[in-house]
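Here is a short walk through one protein model. Take a look at the sequence and the fold, then read on.

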Amino acid sequence: MKKIIQELNPYIPEKPLQQLQEELGLKKIVRLSANENPYGTSPKVKEAILNWDYDLSNRYPDSSAQELRNLVAEKFSLDPSQIVFGVGLDEVIVMLSRVFLQPGDEELVSVPTFSEYALHAEIEEAVIKEVATKENGQIDFSALLKNITAKTKLIWLCNPNNPTGTYETVSSIEEFVKQVPKETMVLVDEAYIDFVTEETPTTAMDLTKKYPNIVVMRTFSKAYGLANFRVGYAVFSNQIAGEVQKVRLPYNVSSIAQTAAIAAFKDQSFVDEVVAKNAIERAKYEELFQKLGLKFYHSQANFIFFKVDSAQELAQVLLKNGYLIRTGLRPNWLRLSIGTPDDNLKIQKIITDFFAING
């Protein structure tokens, strides 16, 4: 066994909700810790799945995901060969780490951010260099540039960033990419990009046509509500995509997952409704936190990151009332996925009451 595997601190998924409910003696737990879509999926997804040809179960899926590939390429005016599909963005992160990193190479990450970027760099025995975000949670591009060396192979930009929820403009990202050496890849994870409401255009997708060292990643797990189907993809320049395809597992995205993603992608009106509801509810949380005098980062995602001196106590109070939120990302900070209006109203009352009692 590789020594690094024995030393690794793995990503630990949450317990199944049913198990957690039984342990805590609760009839229901609403999970607001994983940034899932509380509004479910488009009704057209269910229709497509129920009409899926079950007789194909013994056949391998379309390895190239051609229909889905063509839909994505058409929407973003891409060459279809620029797209590499994965079993969620998790597999895409694995592929990128495997292709670009060798032992001793360096990877830059703006922290706090999604832990899997560093995890898979560790597996490849690369050196992870962390650069702190600015005081307002935004990425410190200047500090990232100062930390680039001849060994820097990958730079991760999560946009909007998880867990801060902060968003960087396309112009800011392009200005950064212009200053990055061509030998260094800039990886833009846009898992939450659909939830951005303050900027147009929101995505850095077009930059893949201008710069060979930029990669843009997307998922169907969030705004499309397909977290259980595990479909993600990355868009590369034409020069790079073919090389990454070499390490992709054949038949990685199942036929039923492709069917769900195709139906979801075609129903953009559902996504628009989800985004609009999320924006309204997100603003209510920001108003509450301002009223309570809590520090938080201005979010453009489907979650909000806020500071509470008694964070663990508040998280436990919420859990006892049936609401699971994310702890442990930064001392005294909590990440709360934005739920349905009814759940949000109940949570906001719990939080308000908590501070009325605890000061």
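Which backbone oxygen does the side chain of Asn213 reach? The side chain reaches the backbone oxygen of Pro181, at 3.4 Å. Keep in mind that this is a predicted model.

Where does Asn213 sit? Asn213 lies in a loop. On one side of that loop is strand S6 (185-189), and on the other is strand S7 (214-219). Is Asn213 buried or exposed? Its relative accessibility is 4%. Buried means under 20%, so Asn213 counts as buried.

Now look at the surroundings of Asn213. Residues up to four places away in sequence are left out here. Asn213 touches Val177, Val180, Pro181, Lys182 and Thr184. Asn213 also touches Met185 and Val186. Pro181 thus appears twice: Asn213 touches Pro181, and the side chain of Asn213 reaches the backbone oxygen of Pro181.

Next, turn to the empty space inside. Rolling a probe the size of a water molecule over the atoms shows where such space is left. The structure holds two cavities of 30 Å³ or more.

The largest cavity has a volume of about 40 Å³. Asn37, Pro38, Tyr39, Phe195 and Val274 help to line the largest cavity, along with Asn278, Asn302, Ile338 and Gly339. By class, this lining has five nonpolar and four polar residues. None is charged.

The second largest cavity has a volume of about 30 Å³. Its lining is made up of Asp194, Arg218, Thr219, Phe220, Tyr224 and Tyr233. Here three residues are nonpolar, one is polar and two are charged.

Conventions: Residues are numbered from 1 along each chain as its sequence is written. This is a predicted model: local features need pLDDT of at least 70, side-chain atom pairs count only at pLDDT 80 or more; totals for chains, interfaces and linings use all residues. Side-chain values use heavy atoms; hydrogens and water are left out. On a 1 Å grid over the protein atoms alone, a cavity is a set of points where a 1.4 Å probe fits but cannot get out, and a pocket is an open set with protein on both sides within 12 Å along at least five of seven lines; lining residues have an atom within 4 Å of a point. Grid points are joined across faces, edges and corners, and a volume is the space filled by probe spheres set on the points. Ala, Val, Leu, Ile, Met, Phe, Trp, Tyr, Cys and Pro count as nonpolar, Asp, Glu, Lys and Arg as charged, and the others, Gly among them, as polar. Helices (H or I, at least four residues) and strands (E, at least two) are DSSP runs, numbered from the N terminus. Buried means under 20% relative accessible area, exposed over 50%, partly exposed in between (1.4 Å probe, protein chains only). A polar contact is a pair of N or O atoms within 3.5 Å; within protein, one must be able to donate a hydrogen and the other to accept it, and residues adjacent in sequence count only if both atoms are side-chain atoms. Contact means heavy atoms within 4.5 Å.
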